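I opened this notebook to record what I looked up in the structure. The entries follow the order in which I worked.

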Amino acid sequence: MADSKLSREHSLALLHRLATDDSYRSRYEQKPAAALAELGVPHETIVSLMATCQVTGSLVDKARFAEARQQLLNAGADACVQFTIPSPKLDFGKK
């Protein structure tokens, strides 16, 4: 599986940790794959992520991650609010 993606749950957890936890941020900057494994991301997913997800280096400030997490949370809420449950009408041959 090439170019896998994190689940919504793992994405929210990652953004939270990157927004709040300095020691996790440091570990992520040095070894992103190991830091993702700490969150419970399956090994198969980690090794199939795009190469750009595995690049080491300095992260943006915590506020940017907090904002991204909030946007993801809001997107989920919007999707739930806009979801309409279908109401099929069944016809069992009655006239």
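**Entry 1. Burial and surface.** I looked up burial for the chain and found that 23% of its 95 residues count as buried. The model is a predicted one, and I read every value below with that in mind. I then noted the accessible surface of the chain, about 7,000 Å². Carbon and sulfur atoms hold 57% of that surface.

**Entry 2. Elements.** I listed the secondary structure and recorded 5 helices and 0 strands. Read from the N terminus, the elements run α-α-α-α-α. I also looked up the contacts in the chain with a separation of 6 or more: residues 24 or more positions apart account for 63% of them.

**Entry 3. The nonpolar core.** I asked which residues have the most contacts inside the largest nonpolar core. They are Leu14, Leu18, Tyr24, Tyr28 and Leu36, in a core of 13 residues. Helix 1, helix 2 and helix 3 each supply at least two residues of this core, and helix 1 gives the most, with 4 residues. I set beside this a general remark: in soluble globular proteins, nonpolar side chains tend to be buried together.

**Entry 4. Leu36.** I looked up the contacts of Leu36, leaving aside its neighbours within four places in sequence. The partners of Leu36 are Leu6, Leu14, Tyr24, Tyr28, Val41, Ile46 and Leu49. Among them, Leu14, Tyr24 and Tyr28 are also listed for the most contacts inside the core.

**Entry 5. Leu18.** I placed Leu18 in helix 1. Is Leu18 buried or exposed? Its relative accessible area is 2%, which is under the 20% limit, so Leu18 is buried. Beyond the neighbours within four places in sequence, I found Leu18 in contact with Tyr24, Arg25, Tyr28, Leu59, Lys62 and Phe65. I also noted a pair that is distant in sequence: Leu18 and Arg69 are 51 residues apart along the chain, with 9.7 Å between their C-alpha atoms.

**Entry 6. The largest pocket.** I recorded about 300 Å³ of space in the largest pocket. Its lining has 20 residues, and the closest to the pocket centre are Leu6, Leu14, Tyr28, Leu49 and Cys53. I sorted the lining by type and obtained 13 nonpolar, 4 polar and 3 charged residues. Helix 1 (8-20), helix 2 (22-30) and helix 3 (32-38) each supply at least two residues of the lining. The largest share, 3 residues, comes from helix 1.

**Entry 7. Leu49.** I returned to Leu49, one of the residues closest to the centre of the pocket. Leu49 lies in the loop between helix 4 (43-47) and helix 5 (62-82). With a relative accessible area of 10%, under the 20% limit, Leu49 is therefore buried. Apart from the neighbours within four places in sequence, Leu49 is in contact with Ser4, Lys5, Leu6, Leu36 and Gln54. Asp3 is 46 residues from Leu49 in sequence, yet their C-alpha atoms are 4.7 Å apart in space.

**Entry 8. Val55.** I looked last at Val55, which is also in the loop between helix 4 and helix 5. Its relative accessibility is 56%, over the 50% limit, so Val55 counts as exposed, whereas Leu49 is buried. Val55 and Glu29 are 26 residues apart along the chain, and I noted 8.3 Å between their C-alpha atoms.

Conventions
Residues are numbered from 1 along each chain as its sequence is written. This is a predicted model: local features need pLDDT of at least 70, side-chain atom pairs count only at pLDDT 80 or more; totals for chains, interfaces and linings use all residues. Side-chain values use heavy atoms; hydrogens and water are left out. On a 1 Å grid over the protein atoms alone, a cavity is a set of points where a 1.4 Å probe fits but cannot get out, and a pocket is an open set with protein on both sides within 12 Å along at least five of seven lines; lining residues have an atom within 4 Å of a point. Grid points are joined across faces, edges and corners, and a volume is the space filled by probe spheres set on the points. Ala, Val, Leu, Ile, Met, Phe, Trp, Tyr, Cys and Pro count as nonpolar, Asp, Glu, Lys and Arg as charged, and the others, Gly among them, as polar. Buried means under 20% relative accessible area, exposed over 50%, partly exposed in between (1.4 Å probe, protein chains only). Contact means heavy atoms within 4.5 Å. Accessible areas come from the Shrake-Rupley method with a 1.4 Å probe; for residues, only the protein chains shown count as cover. A nonpolar core is a set of buried Ala, Val, Leu, Ile, Met, Phe, Trp, Tyr and Cys residues joined through side-chain atoms within 4.5 Å.
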